[in-house]
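Please follow the description below with the sequence and the coordinates open side by side. It moves from one pair of helices to a sheet, and then to a separate helix with its surroundings.

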Amino acid sequence: MRTPSRPFDRGHTDDLMTFLAASPTPYHAVANVAARLEKAGFKQVAETDAWDGTTGGKFVTRGGAIIAWFVPEGARAHTPFRIVGAHTDSPNLRVKPQPDMGSNGWRQVAVEIYGGPLLNSWLDRDLGLAGRISLRDGGERLVNIDRALLRVPQLAVHLDRSVNVDGLKLDKQRHMQPIWGLGNDVHEGDLLGFLEDEYGLGRGDITGWDLMTYAIEAPAYLGRDQELLAGPRMDNLLSVHACTAALAEVSRQEELPYIPVLAAFDHEENGSQSDTGADGPLLGSVLERSVFARGGAYEDRARAFAGTVCLSSDTGHAVHPNYAERHDPTHHPRANGGPILKVNVNNRYATDGSGRAVFAAACEKAGVPFQSFVSNNAMPCGTTIGPITAARHGIKTVDIGAAILSMHSVRELCGADDPFLLANALTAFLEG
C-alpha cells in the first residue's frame, strides 16, 4: 500500500461534519446534495419532462433519492457509465400515523422502529424532529425542529437491579416511545398542530408527513490528537458526501472516457424495495433515458451497460478492540487505514476478483491505501445496494466503504482521515 500522494485534508472532514449536521433525514440529505451539485454547475431535470442529449451535469430527485450524471464533450450514445452508489437513510425512530399518546401525566409521541438501530443508543438522548410534510394545497416542504424536543428515558437502575448483570432488554413497543411534555389529557392533532404553529401554517394544513427523530448532538473530532470523528448517520451519509464531492470534482475535467454517475438511494436499511430504493427502477430508467436522449437505441443501451462499473460505497466494520474475536482473524480493518474492499463469496457483497482489480487501480491512481473486509465465518454479514444493483441492471459492481465502529448507533465513529481517502479513491474511479 502506498502513502497518499496528497496530504490528509481535514477540510473535507470539516465539510462532512457540516453535511451530517444539516442532513437529519434522507430528504434533507438529497436537498443538500442537490444544492452542492447546483453550485458545481449541475442542473435539475424533471422526470416528467422530455430530456435532451446536451453535455454537462444533470440530476433527478425523487423523495429521499437522487441520481446525478455528467455528460462530457464527445460522449456517444454507447459510452459506458462509471457509477458511485450509496444510500441516504439511517436506522431511527419514525413517527406513526396517529402520533399523539401518553400516560401517567406524560405526553409522548408514538414511533415505529425503522431499520435495525442499536436501541440502547437512543436512550437518554436529546432528540429533534425532522422530515417532510405534505400540505393541503398540494405542496411539500422540509421541516426540522433542531432543538431538544423529545427523549426516550431509560429506567433507573434502582428499578431494574439486574440491568448490569443480565443486560438491558428493551421492548420495541413499550420502551421506545419518547416523551415530549406533561399532561394528563392526550389530544389528537397535538404534534401536527405544534408543527403547523412552528412553520406558520393553519390548522389542518398538514395532510401527510414522513417525520423522524434524530439526536441533536453535533459531530465532533475525538481523541488525544483528534484523529477520530464521532457523529450521526455516517452509515451512510459519509459515503453520500464522498460520492458528491467526487462527482463535482470530475465534472471540472474537459475529457472523460466514461459518463460519471452518482446514485444515492433511500430505504437500504429495510430492503431497498421502493420507488426510491436500489431495488426500484429509478437508476435503470435514468441511465436508459440518458442513452436515448443522446440518440441511442437499445443496442447502444446494451453496449453502455456492458461496459459500466459501479462502486457501491457503504460503511463497514473496523476491528473492535473490545471484541476482536468477533472479526475474521486475518482481516482487521483499522481506522485511518483507507477505504475497505468488502468481500463475501455468498454474494452478500458484489465484489469479485475482477472488481477488486478495478478498485485497486483506482486506489493506486489516487495514491490511497485500501484494506479488505471479510466477515468471521461464524458471523453472517449484512448486505448493501451492491448485489441488488448488479442483479437488477446487469452491471459489474464492487462493494467498498469506510471502516467505522458502532454501526447503527445513534452516534458512530470513524477515522478522521478516512472520508478524504474514500473521496479520493472515488474520484480516481470516476476519472477512469
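In this predicted model, a convenient place to begin is the contact between two helices, in which L238, S239, A242, C243, A246, L247, E249 and V250 of α5 meet P419, L422, A423, L426, T427, L430 and E431 of α10. Sorted by character, the residues of this contact comprise eleven nonpolar, two polar and two charged ones. Helix α5 spans residues 234-250 and helix α10 residues 418-431, and their axes, which come within 8 Å, cross at roughly 45°. The two helices are therefore oblique to each other, and the crossing in which α5 passes α10 is right-handed. An α-helix has 3.6 residues a turn, so residues three or four places apart point the same way.

Helix α5 also leads to the sheet, since it lies across β3 (65-71), β4, β13 (259-265) and β14, and its direction runs at about 150° to that of β4. Another helix, α9 (residues 385-393), packs on the sheet as well, where it touches β4, β13, β14 and β18 (396-401), and its direction makes about 170° with that of β18.

The sheet itself is open and consists of nine strands with mixed pairing, arranged in the order β1-β2-β3-β13-β4-β14-β18-β16-β17. Its edge strands, each pairing on one side only, are β1 (43-44) and β17 (371-373). Within this order, β4 and strand β14 (residues 309-313) pair in the parallel sense over four bridges, and I83 stands opposite C310 of β14.

Strand β4, residues 81-87, is also where F81 is found. Is F81 buried or exposed? With a relative accessible area of 0%, F81 falls under the 20% limit and therefore counts as buried. Apart from its neighbours within four places in sequence, F81 is in contact with Y258, I259, V261, L287, S290, V291, R294, A304, F305, G307, T308 and V309. G367, by contrast, is not in that list of contacts: it lies 286 residues from F81 along the chain, and the C-alpha atoms of the two are separated by 23 Å.

A further region to examine is helix α4 (residues 190-198), in which L191, L192, G193, F194, L195 and E196 are buried. These buried residues pack against a series of strands, namely β5 (92-103), β6 (106-114), β7 (127-135), β8 (140-150), β9 (179-182) and β10 (206-215). Just after α4, the chain reaches G200, which takes a positive phi of about 65°.

Terms used
Residues numbered from 1 in each chain as written. Predicted model: local features only at pLDDT ≥ 70, side-chain atom pairs only at ≥ 80, totals over all residues. Heavy atoms only, no water. Axes fitted to C-alpha atoms, helices over the stretch in contact; angles between N-to-C directions. Parallel < 35°, antiparallel > 145°, perpendicular 65-115°, else oblique. Left-handed = near helix turned anticlockwise from the far one by under 90°. Contact = heavy atoms within 4.5 Å. Nonpolar A, V, L, I, M, F, W, Y, C, P; charged D, E, K, R; others polar. Buried < 20%, exposed > 50% of the residue type's maximum accessible area, 1.4 Å probe, protein only. Pairing = 2+ DSSP bridges.
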